[in-house]
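Let us work through this protein with some short questions and answers. Please bring up the sequence and the structure first.

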Amino acid sequence: MFYSFQVLIDRISGKQQEMISIQLCLLSVFILILHPERSLLRAEGGCPRNENGGQQNWRHAVYQRKGKGWALKNHVFLSRTVRSEIECSLTCLRHERCESFNYRDNILEGPHICELNDQTRLTRSHDLLPGDGFSYYDSELKPCLKMRCQNGGTCHPVFNSRVAPYCCQCQERYTGDLCQHLKGFRFTNSSSGDHVSVSVGVSIEMTSLTVCFRFKAIPRQYGVSTPMSYVTNDFSCALQLYAKETVRIYIKDQFSDFPYVPLLDNTWHHVCFTWETTGGNVSLYIDGSLIGKKQSVSPGMTFNSSGSIVLGQLQKLVGGEFQKNESFFGDVTDVNIWKIELSLSAIVKLSEGCYSHMGNLISWYAFPTGTEQFDNVTNSISSECLGLNPYFGYDLEFPRRTNEDYVYGPTLSALSAFTLSLFVSFTDNGDKTYFNYYAGVAYNEIFIHERNNYFIVRIKDVKKQHRFAITPDGIWHHLAVTWENTNGSYEIFLDGVTVWSGNELEKGKKIRPGGSVVIGNDQDSIGFQARDAYVGNISRVNLWDHVLPRETITLLSQRCGKESGNEVSWRDFKERPFHGVVHIREPSSCQKLL
């Protein structure tokens with residue numbers, strides 16, 4: 001049983017009042033909180049701030065009687081008379097030096113003795129001795145006594161936290177529960193040579209490597225961006241972003257291009273590339289998904305690891321000769337290099353959270369000791385690193401056959417080509433609509449559906465139907481459809497394999513802009529019909545304004561990833577208008593893997 005009450009006492013300065021909330025447990029436990037203001041706001045790093053933005057300066061403790069008839073001897077720094085145990089507890093709380101107290105309860109009415117100690121029974125157990133009429137109290141909750149915040153962070157007790165009774169107030173460049181993580185660096189000026197460099201001091205012969213980092217790139221209409229480069233006396237590697245959605249990876253004197261990878265989107269991405277000498281294999285991973293592989297890139301080569309890693313610039317020599325017209329614009333963080341080729345499963349785990357693993361050749365923890373050059377240091381602090389985007393990890397369930405259940409997607413630009421990619425899972429064997437796009441009274445600009453066990457691709461006024469249908473087995477299947485207007489060619493992929501292709505489908509025509517994407521049903525001249533309803537689960541609906549290479553579509557089919565189309569992105573549907581009964585299922589059950 002607890003009793004709660006509040007008392008006002010004079011602030012130590014004697015000029016202000018402080019509110020002390022006291023909860024008294026009949027088991028001789030006092031929970032005390034001393035703070036100057038009651039309105040709290042959360043601040044970066046998890047520490048509360050007051051309404052004016054100032055740091056809270058409060059102490060709190062849980063005083064519990066640890067022994068009746070005992071007292072801690074030889075460590076009393078203040079002795080005074082008090083009227084009650086509560087007053088003795090408050091006296092201890094107001095003295096930062098106080099760690100415990102001895103309380104002598106006079107049986108007769110009159111003042112009681114309160115002795116404040118600067119040690120506890122845990123630090124001086126041999127001094128806890130019998131004391132006639134005394135009771136010994138100490139605090140079970142002094143969270144900052146043993147807490148050591150890192151990188152200049154300051155520990156503060158927090159009373160109302162459900163996670164921990166303390167927080168670390170971090171300096172600007174650091175984050176994490178203990179301020180253990182360097183946030184990252186922001187690059188905003190191409191002409192200044194802004195960069196961060198760190199030396200790789202270890203000298204070993206390398207036959208493979210994995211480079212991983214996170215970045216958020218600012219879109220640029222022209223030019224090249226270089227988030228990182230690594231150069232030794234006999235080796236160089238770099239990753240560059242081109243404005244036309246191409247990622248280029250340099251390994252020594254060779255480069256490998258991976259087209260149609262839109263990363264200049266002001267969104268956090270996790271990027272890894274690997275190389276190994278036996279076959280000269282280079283692999284690129286974006287957000288945990290394998291994007292592509294190249295072979296015969298510097299096969300048979302070995303190199304010495306000693307050199308320099310530079311963020312924000314392309315270096316031609318160790319630590320210098322920057323190509324400023326290829327500078328990076330955006331944020332970079334969580335850079336790690338391994339001296340081995342990591343597996344796909346290991347890279348998937350890395351992609352799921354920031355600062356989760358450290359490289360064994362160079363780790364992100366080495367960068368605070370590196371050198372920095374920024375024309376404007378204030379603007380060089382990166383935003384908070386983000387891991388798995390929750391707007392990708394969900395499915396939509398359409399549970400019934402009706403004309404009422406559907407979801408609107410975004411509008412489209414005028415398209416002369418497209419790639420549609422999505423995952424579907426269902427047991428219903430009726431007709432169904434996979435994707436519908438209409439513009440005004442042009443109801444079938446893009447209409448992908450099944451009817452009477454025929455798979456139909458309709459572009460504008462022309463349809464192509466094929467005698468096959470996706471098996472209603474409740475298993476996730478990947479569906480992709482491509483089309484371009486030069487030859488009117490189209491291709492249908494199921495689980496990464498071409499099942500049909502053709503030509504002369506609305507050759508020379510363009511998809512009209514400004515219309516609406518619909519999933520779950522088909523919008524036509526008479527509205528929505530139950531016959532066209534999709535019944536089942538759907539996920540990762542994306543559409544690009546170009547035809548993706550076949551090998552890229554194969555890779556998309558092998559994992560329910562975080563890919564994002566540049567015309568339609570799965571992350572957008574979660575916030576779109578829902579009609580009827582449509583369920584969001586989280587986490588996603590789409591687990592189609594290699």
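Q: Is Asp118 buried, partly exposed or exposed?
A: The model is predicted, and the answer rests on computed accessibility. Asp118 has a relative accessible area of 22%. Buried would need a value under 20%, and exposed one over 50%. Asp118 is therefore partly exposed.

Q: Which side chain meets that of Asp118 in a salt bridge?
A: Asp118 sits in the loop between strand S9 (112–117) and S10. Its partner lies in the loop between H1 and strand S8 (100–104), 21 residues apart from it. The N to O distance is 3.1 Å, and the partner is Arg97.

Q: How many residues apart in sequence are the parts that Arg173 and Glu372 tie together?
A: Arg173 forms a salt bridge with Glu372, with the closest N and O atoms 3.8 Å apart. Arg173 is buried at 13% relative accessible area, whereas Glu372 is partly exposed at 40%. Arg173 lies in the loop between strands S12 and S13, and Glu372 in strand S31, so the pair ties together parts whose separation in sequence is 199 residues.

Q: Which residue forms a salt bridge with Lys574?
A: Lys574 is buried, with a relative accessible area of 17%. It lies in the loop between helix H4 (570–573) and S44, and its partner is in the segment after S45, so the pair ties together parts twelve residues apart in sequence. The closest N and O atoms are 2.4 Å apart, and the partner is Glu586.

Q: Which residue does a cis peptide bond join to Glu586?
A: Glu586 is partly exposed, at 49%. The omega of the bond is about -5°. The residue joined to Glu586 lies in the segment after strand S45 (583–585). It is Pro587.

Q: Why is helix H1 largely enclosed by the rest of the structure?
A: H1 spans residues 85–94. Among its buried residues are Ile86, Cys88, Leu90 and Leu93. Glu87 is also buried, and salt bridges that share partners join it with Arg80 and Arg83 into one network. The helix is largely enclosed because the number of its ten residues that are buried is eight.

Q: Which strand gives the most to the largest nonpolar core?
A: The core has 56 residues. Those with the most contacts inside it are Tyr230, Ile251, Ile309 and Leu311. Leaving aside neighbours within four places in sequence, Leu311 touches residues including Phe185, Val196, Met228 and Trp364. With five residues, the top contributor to the core is strand S18.

Q: How many residues are in the second, separate core?
A: Its members include Ala439 and Phe455. Val517 and Val541 also belong to it. The count is 40 residues.

Q: Which strands stand at the edges of the seven-strand open sheet?
A: The order is S38-S37-S36-S35-S42-S33-S44, with antiparallel pairing. Each edge strand has a single partner strand, so one side of each is left without a neighbour in the sheet. The edge strands are S38 (462–466) and S44 (578–579).

Q: What is the bridge partner of Val407 in S42?
A: Strand S33 (residues 406–408) and strand S42 (residues 516–519) run antiparallel. Two bridges join them. The partner of Val407 is Ile519.

Q: What is the phi of Lys252?
A: Lys252 lies in the loop between strands S21 and S22. At 32% relative accessibility, it is partly exposed. Its phi is positive, in a residue other than glycine, and is near 55°.

Methods. Residues numbered from 1 in each chain as written. Predicted model: local features only at pLDDT ≥ 70, side-chain atom pairs only at ≥ 80, totals over all residues. Heavy atoms only, no water. Helix = DSSP H or I, 4+ residues; strand = E, 2+ residues; numbered from the N terminus. Buried < 20%, exposed > 50% of the residue type's maximum accessible area, 1.4 Å probe, protein only. Core = buried A, V, L, I, M, F, W, Y, C linked by side-chain atoms within 4.5 Å. Contact = heavy atoms within 4.5 Å. Pairing = 2+ DSSP bridges. Salt bridge = Lys/Arg side-chain N within 4 Å of Asp/Glu carboxyl O.
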